[in-house]
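Me: I would like to go through this structure slowly, asking at each step what justifies the words we use for it. Could you take me through the reasoning?

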Amino acid sequence: MELFNLYWYDIDGGQHIEQERVPLSVVRPHLDRLRFGPGRVFVKEILVTDMLDCTVCQIKLQNPTPQPQATQ
């Protein structure tokens with residue numbers, strides 16, 4: 001069984017290990033949460049690697065900057 005690692009980089013450039021040495025079926029829900037969940041505004045890049053540390057998937061996110069609220 002092939003195992004994968006899931007890393008993500010925050011908007012300040014810090015690297016975080018989300019999952020290590022897990023099957024792809026475990027990586028998928030975490031990948032979806034990082035891409036589409038409420039915390040995605042802090043995620044700059046997501047990286048999935050295999051056990052040989054080869055890149056399997058690299059996703060660079062573009063987070064929208066918050067727009068100022070209109071005053072009435």
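Reply: Gladly, and please keep in mind that this is a predicted model. A good place to start is L6, which, leaving aside residues up to four places away in sequence, touches H16, I17, E18, Q19, V27, H30, L31, L34, I46, L47 and V48.

Me: What makes L6 part of a nonpolar core?

Reply: L6 belongs to the largest such core, a set of 12 residues that also includes F4, W8, V27, L31 and I46. A core of this kind consists of buried residues of nonpolar types joined through side-chain atoms within 4.5 Å, so membership tells us that L6 is buried and joined in this way. The elements that give two or more residues to the core are β1 (4–10), α1 (24–36) and β3 (43–50).

Me: How do you know that β1 and β2 are paired?

Reply: Pairing requires at least two bridges, and five join β1 to β2 (residues 15–22), so the two strands count as paired, and they run antiparallel. Within this pair F4 stands opposite V22, and the two strands form a hairpin with four residues between them, where G13 in the turn has a positive phi of about 95°.

Me: Why is the link between E18 and H30 called a polar contact?

Reply: E18 lies in strand β2, and its side chain is joined to that of H30 at 3.5 Å. The cut-off for a pair of N or O atoms is within 3.5 Å, with one able to donate a hydrogen and the other to accept it, so this pair qualifies as a polar contact. E18 also touches L6, W8, R33 and L34.

Technical notes: Residues are numbered from 1 along each chain as its sequence is written. This is a predicted model: local features need pLDDT of at least 70, side-chain atom pairs count only at pLDDT 80 or more; totals for chains, interfaces and linings use all residues. Side-chain values use heavy atoms; hydrogens and water are left out. Buried means under 20% relative accessible area, exposed over 50%, partly exposed in between (1.4 Å probe, protein chains only). Contact means heavy atoms within 4.5 Å.
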